[in-house]
Amino acid sequence: MSQYHVFSLPKELLDTLVPRNILNQAAAPEITPPPRSDSPPPTAQPAVGSRACNICLGATFVDVEDQRAHFRSDWHRYNVKVRLNGGNPVSEARFAQLVDGLEDSISGSASSSEGESDESDAVSALVSKTRKLARPSSPDGNISASLPQTPLVWFHSPPSTQIGIYKAIFSKATPPSSHLAELKEMQSGGEQGRTWAMFMTAGGHFAGAIVRVKRADGEDDDDGGLTKKGKPRRPKPEIEVLKHKTFHRYTTRRKQGGSQSINDNSKNKAISAGAMLRRYGEQALRDDIRNLLQDWAEDIHDCERIWIRASVSNRRIFLDYEGAIIEKGDERLRTFPFPTRRPTQAELSRCLQELTRVKVSHLTEEALRAQDEALLASLPKPKPQPTVAQSEPQQKPKEKPVQLQLSREEEQLRDKWSRLLDMIKRGRLDTLKGFWEREGAALGGVNTPVPEWTEERGGTLLQVATYVGQEDIIRWLLEDLRADPTIDVPAPRTGVPADAEDSGQESDTDAPRLPRSKGGRRTAYDLARTKAVRNIFRRCAAAHPDWWDWLGTEHGARIPSALSAEMEEGREEKKKARRKGLKDKVREREAREKEREASATPPPVFEAQAVAKPTKEEPAAGPRRLGGSSAGMESVAGLTPEMRARIERERRARAAEARLKALQGGGRS
């Protein structure tokens, strides 16, 4: 199968092309969708006693035979099926027009012997055709909104040839109905020919090229003739690379991915040697690309399309800078409508071939029709639209609160509060001091209530810092800015219990806290969850007792007691004395144990055994029992396990010595 070039399609193929679109298929000339205005309005209800058909727009009859014949007619059956499918019935005159438009009569003569089954099948066929014609045919209909979007535009050449071309090649201002006319215009190269600019950058790699996709009209005559050696000249190719350039810089860490600038923005700025090399590589890559664009400025200006493959951050290299060669809103800008690989010269050539090569398929009209019906059947069904009577009562409870439009000053104020609270939560004291010197007065002072939209647990900056446990910031607020610790903590939000805000685990339990009754007032001191934070309040109360009512419970800061330097020194001395006393006790116990071991005599093992069991005598040279008598067990009562183990070892050692002596005495005798 031969491959077609977008800009060099055969003339016999162009003349037979028609747009290939499900929504713009030509309707059958013999049937037209019945407009609603053609149907006459329903007639008035007949008088009592007359016979009529409510489905067929109130048609009346003279007698019962006439009514029964109407119920067996095709007109009545057609209206019944249309009503069941949600359509509107038609008049007898309109139905006659539909019947005349068909190739064969659906009812036949009255003497037809085919039976009612054939007539019923014909009525079903008419209903099916009418339903198809009732579908929306405009591109703005519901079907076009649900159709899957594809990057290709398809054209059909009877009887069984279809070609596909990428939409990005056409102008953005061209409607889909004019794509065929623009395709025919593309076959002309003009005086200068048609050129494209193609650029790719990713992972420190860059590839760029200026290519010619269509020669000028006058160059076609220069292909014939012979060369100097008498050989026939080769025809010039339609696609020709006029300029190209590739280079690479070290911008990404191996096996990790991501540029160094993105890593610096998401985390702290790295100071390693590799990070510095990658930053230099990014800057050098940006300068190289912009210098290349400056050198190719004239060629880029004459290009018909500019193809760029780059990430959001890398796209700024080409567009968003002062003196850019390519404007940000240029109509020629395109992105590649298919996946691409690493930017190289070979990849640019592959993408160029993919863009300019026409996609060809060979399907018959029956296969295309079956394909369209399968696609339409796979589309999701539209949701039923509620009536006005049903939608009105449902809209009232679903009304969303109108969001107030903030002025520029209010947005700036919210930004300042957000930055201030973020500094407090992160514990950035130095940054917070500089920010407060500039914006503290504008925010209203240190005791200004925190806005409710922040949803912070605490009404003042001191309460917020106390809750998050930033000790340095709490000390700075209390001593340098003299924040008020007696301000009450605001009531919790709806649905949040009061104890949920200070339910954090406390690392120390010996720091005093006043009991709080249910529903009682709380201050910043009550939000402290660690002993170290509470001691900051107590030290400040001892150092500056005249600043606030530190010890008050009704209107004060609810601090149980102050903590002065003397108290802390005394507490440390008591701890040291307690540790020293424990160490002395341990030394004394060890000394007593050593004295007891030195002065202790071997336990009377044999005598105790003789007293306990006088009737049983053991030979001197025989085996002896370890452990002694029960008196030996009573002698170790009240001792620690370590001392008992030591005494037991001593007993075993003495018993072993006794056995050795007995063995030595027996050998001598």
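Two strands pair if DSSP finds at least two bridges between them. With that criterion in mind, the tour of this predicted model opens at a strand pair.

**Stop 1: the hairpin.** Select β6 (194-202) and β7 (205-214). These strands run antiparallel and are joined by nine bridges. For a reference point along the pair, display Ala197, which stands opposite Ile210 in β7. Then move to the turn: two residues lie between the strands of this hairpin, and Gly203 adopts a positive phi near 60°.

**Stop 2: the other partner of Ala197.** Keep β6 displayed and add β9, residues 305-309. Here the strands run parallel, with five bridges between them. Ala197 again serves as a guide, since its bridge partner in β9 is Ile306. Colouring by accessibility shows β6 as mostly covered, with eight of its nine residues buried.

**Stop 3: the largest nonpolar core.** Select Phe155, Ile169, Leu183, Trp196 and Met198, the residues with the most contacts inside the largest nonpolar core, which has 35 residues. Elements that give two or more residues to this core include β6 and β7 from the first stop, together with α1 (11-14), β4 (152-157), β5 (161-166), α7 (179-186) and α12 (345-356). In soluble globular proteins, nonpolar side chains tend to be buried together.

Next, centre the view on Leu183. Which residues does Leu183 contact, leaving aside its neighbours within four places in sequence? The set consists of Val6, Leu9, Leu14, Leu17, Phe155, Ile165 and Phe170. Of these, Phe155 was already selected as one of the residues with the most contacts inside the core.

**Stop 4: the cavity.** Return to Met198, which also lines the largest cavity. The structure holds one cavity of 30 Å³ or more, and about 30 Å³ of space lies in the largest cavity. To display the rest of the lining, add Ala209, Val211, Val241, Gln345, Leu348, Ser349 and Leu352. Two elements, β7 and α12, each give two or more residues to this lining; α12 supplies the largest share, four residues. What is the division of the lining into nonpolar, polar and charged residues? Six are nonpolar, two are polar and none is charged.

**Stop 5: the second core.** To finish the inspection of the nonpolar cores, recall the core of 35 residues around Phe155, Ile169, Leu183, Trp196 and Met198. A second core of 33 residues is separate from it. Select Trp417, Leu420, Leu477 and Ala528, which are among its members.

Technical notes:
Residues numbered from 1 in each chain as written. Predicted model: local features only at pLDDT ≥ 70, side-chain atom pairs only at ≥ 80, totals over all residues. Heavy atoms only, no water. Core = buried A, V, L, I, M, F, W, Y, C linked by side-chain atoms within 4.5 Å. Buried < 20%, exposed > 50% of the residue type's maximum accessible area, 1.4 Å probe, protein only. Contact = heavy atoms within 4.5 Å. 1 Å grid on protein atoms, 1.4 Å probe; cavity = no way out; pocket = protein on both sides within 12 Å on 5 of 7 lines; lining within 4 Å. Points joined across faces, edges and corners; volume = space filled by probe spheres on them. Nonpolar A, V, L, I, M, F, W, Y, C, P; charged D, E, K, R; others polar.
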